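User: I have a model open and want to learn how to read it. Can you take me through a helix, a residue and a pocket?

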Amino acid sequence: MSEIIPVQSTAIQLSSLPPLPEIMLPAVNQFIAALGIPREVLASDEDIEYAWIGLPRELRSISTINLRGELIARMCIAVSVGLFDSAINYAWNASILQLREKVKNFGLPIVAQILQKDFEEKHLLDLQDSQLLELCLKLNLATEDGYFFLDQCRDTRNNFSAAHPTIGQLNDRQFTAFLNSCVNYALAESSSPRGVDIAAFISAVKSSRFAEGQCLLWQERLNATHDAQRGLLFGTIHGIYCDPSTLEPARLNIIDLYAYYKEKLTSAIRSNLINRHSEYLAKGDIQRHAISQQFFEKIGLLNLLNESEKHTLISKAITQLWNVHQGWNNFHNEPPFAERLAELSRQGSLPVSIQEEFVEKVVGCYIGNESGSSRKAEPFYEEMIREFSPKEIQHMVEIQQKKSSLVAHRIVSNSICRKRFQQALKLIDASSVPDAVRVSYENFLVQKRSS
């Protein structure tokens, strides 16, 4: 199989050539008659004409001039004289050469890493066509659809091309379908993803904190590879993050990489992360499971966890905030705990099981006590209150009716806390107040205005 020799794009402007019946077909028929062999050894005039008419449409999809080379030129000439068995052989050889080029562009050393064995150019050239297709599928250089159709072409080429004794002849429609598959799944797409050197990537992540521009470089390399390898690498660094022995600089590097891809993570990558996280719990690896929870929190994807896990994380954050709020130096200590709870609340809706506790503690911290409240923490409380769902607003309005609630006691017994609670109510959009508590909501505001 020779290398692809490029030709000028004008060489395939078939629509500018005279119609076949006027030039080629009479000559072909005269030649067959002169040899004294049956006309049926070649495709019929009608099949040749229709195959020729369909060629420009298929070849226009080959966007790169370099791929319209020697083999494609030979294919066109073979079509013009009705040698469809030769034409499909040329088209197939051009496809195989392009698939090999894609593998080389991906990176032979990286292929060796993935296959976990030596893989040099000689190994690539030694691959049978079926093995090359399987490798392209594994590297995601061919889609499942592409693999299916190209494998069909491989069978057709083996049984109906000039490369082997044929078991029959193809007509124009069968040839055009063959060429269409070769073009769509091998020749039309000129761009080739480049693999990421797995060993170098992991070494860079684990060695030290990313230097300026280093994170951007690895993001670009991850962008250049395909979804399958990207998924493998993201799963690997999640495992590194959850390893208790991993140092903090490496964890920060991993968070940086994930933060960039947060909105671009495919469903397969997200599913893999959830499966890995759940597997830690299934194996009883509590330490890695806890670190993995922290990982989901840091990258802002708590919504991927189940309701029970989200409840546990948010409940702990609420408890820590409330304990600090109850402490002697709460005005100074509250802000970081309020900020963390606000970050958690931004990551999707809260589990129903934690909403009432969440509302009561956030409102309780916001209204403060007889000495006042933490002003530096106020922006976080106000942000959370403004984002209350209708059900959470209902819990908020009903707080004052709870006899055993410390927050309710402050509202009832302390004028400063009552005014702060009124301010909290004003942060809410009145249209979001549920009908079940609308009267209580309006009465409280009226009562405070008239007092």
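Analyst: Start with a cut-off. A residue is buried under 20% relative accessible area and exposed over 50%. Keep in mind that this is a predicted model.

User: Which residues of α8 are exposed on the face turned away from its buried side?

Analyst: That face of α8 carries the exposed residues Glu-144 and Asp-145.

User: And which residues of α8 are buried?

Analyst: In α8, the buried residues are Gly-146, Leu-150, Cys-153, Arg-154 and Arg-157. Seen down the axis of α8, they fall within an arc of 110 degrees, so they line one face of the helix.

User: Why can residues some places apart point the same way in an α-helix?

Analyst: An α-helix has 3.6 residues a turn, so residues three or four places apart point the same way.

User: What do the buried residues of α8 pack against?

Analyst: Their partners are α4 (84–106), α7 (129–138) and α9 (172–187).

User: How does the length of α8 fit the expected span?

Analyst: Helix α8 covers residues 144–160, which is 17 residues. At 1.5 Å a residue it should span 24 Å, and its end C-alpha atoms are 24 Å apart, which agrees.

User: Now a single residue. Is Tyr-261 buried or exposed?

Analyst: Tyr-261 is at 3% relative accessibility, so it counts as buried. Its place is in helix α13 (residues 248–261). Leaving out residues up to four places away in sequence, Tyr-261 touches Gln-219, Leu-222, Asn-223, Arg-230 and Phe-234.

User: On to pockets. How is empty space found?

Analyst: Rolling a probe the size of a water molecule over the atoms shows where empty space is left. Here, the second largest pocket has a volume of about 210 Å³. The elements that give two or more residues to its lining are α15 (286–298) and α16 (307–325).

User: Which element gives the most to that lining?

Analyst: α16 does, with five residues. The lining of the second largest pocket includes Glu-309, Thr-312 and Leu-313, as well as His-289 and Arg-340. By type, its residues divide into four nonpolar, four polar and three charged.

User: Which residues of α16 are buried?

Analyst: Among them are Glu-309, Leu-313, Ile-318 and Trp-322. The buried residues of α16 pack against several helices, including α14 (267–282), α15 and α17 (330–345). α16 has 19 residues and reaches 26 Å from its first C-alpha to its last, close to the 27 Å expected.

Notes: Residues are numbered from 1 along each chain as its sequence is written. This is a predicted model: local features need pLDDT of at least 70, side-chain atom pairs count only at pLDDT 80 or more; totals for chains, interfaces and linings use all residues. Side-chain values use heavy atoms; hydrogens and water are left out. On a 1 Å grid over the protein atoms alone, a cavity is a set of points where a 1.4 Å probe fits but cannot get out, and a pocket is an open set with protein on both sides within 12 Å along at least five of seven lines; lining residues have an atom within 4 Å of a point. Grid points are joined across faces, edges and corners, and a volume is the space filled by probe spheres set on the points. Helices (H or I, at least four residues) and strands (E, at least two) are DSSP runs, numbered from the N terminus. Ala, Val, Leu, Ile, Met, Phe, Trp, Tyr, Cys and Pro count as nonpolar, Asp, Glu, Lys and Arg as charged, and the others, Gly among them, as polar. The expected span of a helix is 1.5 Å times one less than its number of residues. Buried means under 20% relative accessible area, exposed over 50%, partly exposed in between (1.4 Å probe, protein chains only). The arc is that of the directions from the helix axis to the C-beta atoms. Contact means heavy atoms within 4.5 Å.
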